[in-house]
Amino acid sequence: MAGIRSRFGEGETIVRRDVFRERVWTASPHRVLADDGDRIALGYWPGIVSLAPRTWIASLETGDPALRDRMPADLASGRWRLGRWTWRDTLWTSSQQAGEYFGVGRFFDAEQRLLRWYVNFQRPYRRTEWGIDTFDLLLDLVAEPDLSGYQWKDEDEYRQGRRLGIVGDAEHRAIQEARDQVIALIEERRGPFAETWRIDPRWPLPTLPSDLPEA
């Protein structure tokens, strides 16, 4: 087993996990685009196989919104099982800064044309022997490619998560502060919204380690 690394080299494979109450909710292999020890940028693209809750996978396969609506309850109760999901359609780069309650992603089409910006509000990441662990706190923001407009996403899911105790009071306050921070960064076109990371098309697909714990 490898030790915890203070930074990773460009092109290395790491695993980004969402961990809730010491259980793995998602696990996705990425290639490192950049890592200075504080901000880490990652690349993810079609064909990569990840672990995700089976309810989420079924919601994508069937288009049934009721399945997605079940996920906060599954989280709160601890009743979920992981399945394997192959990413499709879009390329995705993301970056997260140590200590921050959000990560900023960009989605591209097959020709690497920017489709949208996507902000996940999440727990500050911590480094592990596999890569980084965080946890998606249910609230998202989607912005236009030129940052001329944005809209909040999954606010109902976030409120449900608050009622179920998934997002506690302290994290709620941190997210409120992070919301203001993100809007200021968008309006000023700076920080992660000034980044131009690209995925090297010559890289092979990253894969999950065979000995990665799933619980």
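The chain has five helices and twelve strands, where helices (H or I, at least four residues) and strands (E, at least two) are DSSP runs numbered from the N terminus. This is a predicted model in which local features need pLDDT of at least 70 and side-chain atom pairs count only at pLDDT 80 or more, while totals for chains, interfaces and linings use all residues. Residues are numbered from 1 along each chain as its sequence is written, and side-chain values use heavy atoms, with hydrogens and water left out.

With 215 residues, a compact globule would have a radius of gyration near 17 Å, and the chain agrees with its value of 17 Å; the radius is taken over C-alpha atoms, and the globule rule is 2.2 Å times the number of residues to the power 0.38. Along the principal axes, the C-alpha atoms fill a box of roughly 45 × 40 × 35 Å. Of the 215 residues, 52% count as buried, a term that means under 20% relative accessible area, as against exposed at over 50% and partly exposed in between (1.4 Å probe, protein chains only). Among contacts (heavy atoms within 4.5 Å) between residues at least 6 apart in sequence, 61% join residues at least 24 apart.

Helix H1 (residues 54–62) has Thr55, Trp56, Ile57 and Ser59 as its buried residues, and their cover includes strand S4 (49–53), helix H2 (65–69), helix H3 (71–77) and strand S5 (82–86). After H1 comes glycine 63, with a positive phi near 75 degrees.

Glutamate 100 lies in the loop between strand S6 (91–97) and strand S7 (102–108), and is buried at a relative accessible area of 17%. Its side chain makes a polar contact with the side chain of glutamine 181 at 3.2 Å; such a contact is a pair of N or O atoms within 3.5 Å, and within protein one must be able to donate a hydrogen and the other to accept it, with residues adjacent in sequence counting only if both atoms are side-chain atoms. Leaving aside neighbours within four places in sequence, glutamate 100 is in contact with Arg39, Gln122, Arg123, Pro124 and Gln181.

Most residues other than glycine have a negative phi. Two aspartates with positive phi are set out below.

| Residue | Phi | Loop | Relative accessible area |
|---|---|---|---|
| Aspartate 89 | about 80 degrees | between S5 and S6 | 62%, exposed |
| Aspartate 154 | near 65 degrees | between strand S12 (150–153) and helix H4 (155–163) | 19%, buried |
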